[in-house]
Amino acid sequence: MEDDHCMRKTFQMGQARMGEGTMKKQVLITVKGSNHYEENQMDAVEFLTTGDFYEKQGKYYIKYEEADQSGMPDTTTTLKIEPSRVTITRFGKNNSQMVIEQGKKHIGHYETPYGGFTVGVISESADIRVNETSGRLDLKYDVELNDIVTSHNNICVTFKEVNGD
C-alpha cells in the first residue's frame, strides 16, 4: 500500500534545471510530517504556507516561515535540495541543521535558548522530485541522541509555483 504522505519517485536534478541567476519564484508549500516515538506515541503536523524557490550554484532552495502549528513559530526554514540529499536549516528561537541522505548517517546540531546538543540523523530514504516550477520531497529518517534512536520521522514537502499552471 502506498504511503499516504507522498508518492515515491526519485528525480535526477540535471533533467530540469533553472538557469543560474534565475529570480526567486513564489511557491505554495504543503508540509506534512510525523514523529513516532517509543510506546506508540506520535506527533503529526500539516500546514500550508508560501515561500521562495530558487537555484543557486546548481542546487535548488526552498525558503519559508514555519507555521505556528509546526511548534516552531518565528522560525525560517531553508531546504537545500541536491540530487541525493536535502539539508534542512532552521533559524529562530531554536536553530538546527540536519542532512537527509538516503542510507547515510549525518551529525546534526540543535541550538536552543537552554544550550546546544548534537544529534545523529540516520536516513532511510530521501526521494526527491523537482522541476522548475514544482516538486515533492519525501524524507524518512531516525533521530538519535547518545547513539539511541529517539524518534522515527517522516516529512513530505510539496510545492508549486504560485503563478504557474
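## Strands E3, E4 and E5

Let's start in the middle of the sheet: Glu-65 has Thr-76 as its bridge partner in E4. This is a predicted model, so keep that in mind for everything that follows. The pair belongs to an antiparallel match between strand E3 (residues 59-65) and E4, which is held by six bridges. On to E5 (residues 85-91): here E4 again pairs in the antiparallel sense, over six bridges. One of the facing pairs puts Leu-79 opposite Ile-88 in E5. The connection is a hairpin, with three residues between E4 and E5.

Is strand E4 largely enclosed or largely open? Five of the six residues in E4 (residues 76-81) are buried, so the rest of the structure largely encloses this strand. The cut-off behind that word is a relative accessible area under 20%.

## The barrel

Zooming out, 10 strands close into a barrel, and the order is simply E1-E2-E3-E4-E5-E6-E7-E8-E9-E10, with antiparallel pairing. From one strand to the next, the twist averages 25°. As a general reminder, strands of a sheet pair through backbone hydrogen bonds, and they can do so in parallel or antiparallel fashion.

How many bridges join strand E1 to strand E2? There are 12, linking E1 (residues 25-36) and E2 (residues 42-56), and the two strands run antiparallel. If you want a register marker for this pair, take Gln-26, whose bridge partner in E2 is Asp-52.

## Salt bridges between strands

Side chains of opposite charge can pair when their charged atoms come close. Searching the whole structure turns up seven salt bridges. One of them brings together the side chains of Glu-161 and Lys-25, at 3.9 Å from N to O. It links distant parts of the chain: Glu-161 sits in strand E10 (residues 148-161) and Lys-25 in strand E1, 136 residues apart. Are these two partners buried or exposed? Glu-161 is buried, with a relative accessible area of 18%, and Lys-25 is buried too, with 17%.

Next up is the salt bridge between Glu-144 and Lys-105, whose side chains meet at 2.3 Å, N to O. This pair also connects distant parts of the chain, with Glu-144 in strand E9 (residues 134-145) and Lys-105 in strand E7 (residues 105-112), 39 residues apart. Glu-144 has 8% relative accessibility and so counts as buried, while Lys-105, at 43%, counts as partly exposed.

## A small charged network

Back at E5, the side chains of Arg-85 and Glu-101 also form a salt bridge, at 3.7 Å from N to O. Arg-85 lies in strand E5 and Glu-101 in strand E6 (residues 95-101), so this contact ties together parts that are 16 residues apart in sequence. The relative accessible area is 26% for Arg-85, which makes it partly exposed. Glu-101 is buried, with a value of 12%.

Which residues are joined into one network by salt bridges that share partners? They are Glu-82, Arg-85, Glu-101 and Lys-104. Arg-85 and Glu-101 therefore take part in the network as well as in the link between E5 and E6.

Technical notes: Residues are numbered from 1 along each chain as its sequence is written. This is a predicted model: local features need pLDDT of at least 70, side-chain atom pairs count only at pLDDT 80 or more; totals for chains, interfaces and linings use all residues. Side-chain values use heavy atoms; hydrogens and water are left out. Two strands pair if DSSP finds at least two bridges between them. Helices (H or I, at least four residues) and strands (E, at least two) are DSSP runs, numbered from the N terminus. Axes are lines fitted to C-alpha atoms, for helices over the stretch in contact, and angles run from 0 to 180 degrees between N-to-C directions. Buried means under 20% relative accessible area, exposed over 50%, partly exposed in between (1.4 Å probe, protein chains only). A salt bridge is a side-chain nitrogen of Lys or Arg within 4 Å of a carboxyl oxygen of Asp or Glu.
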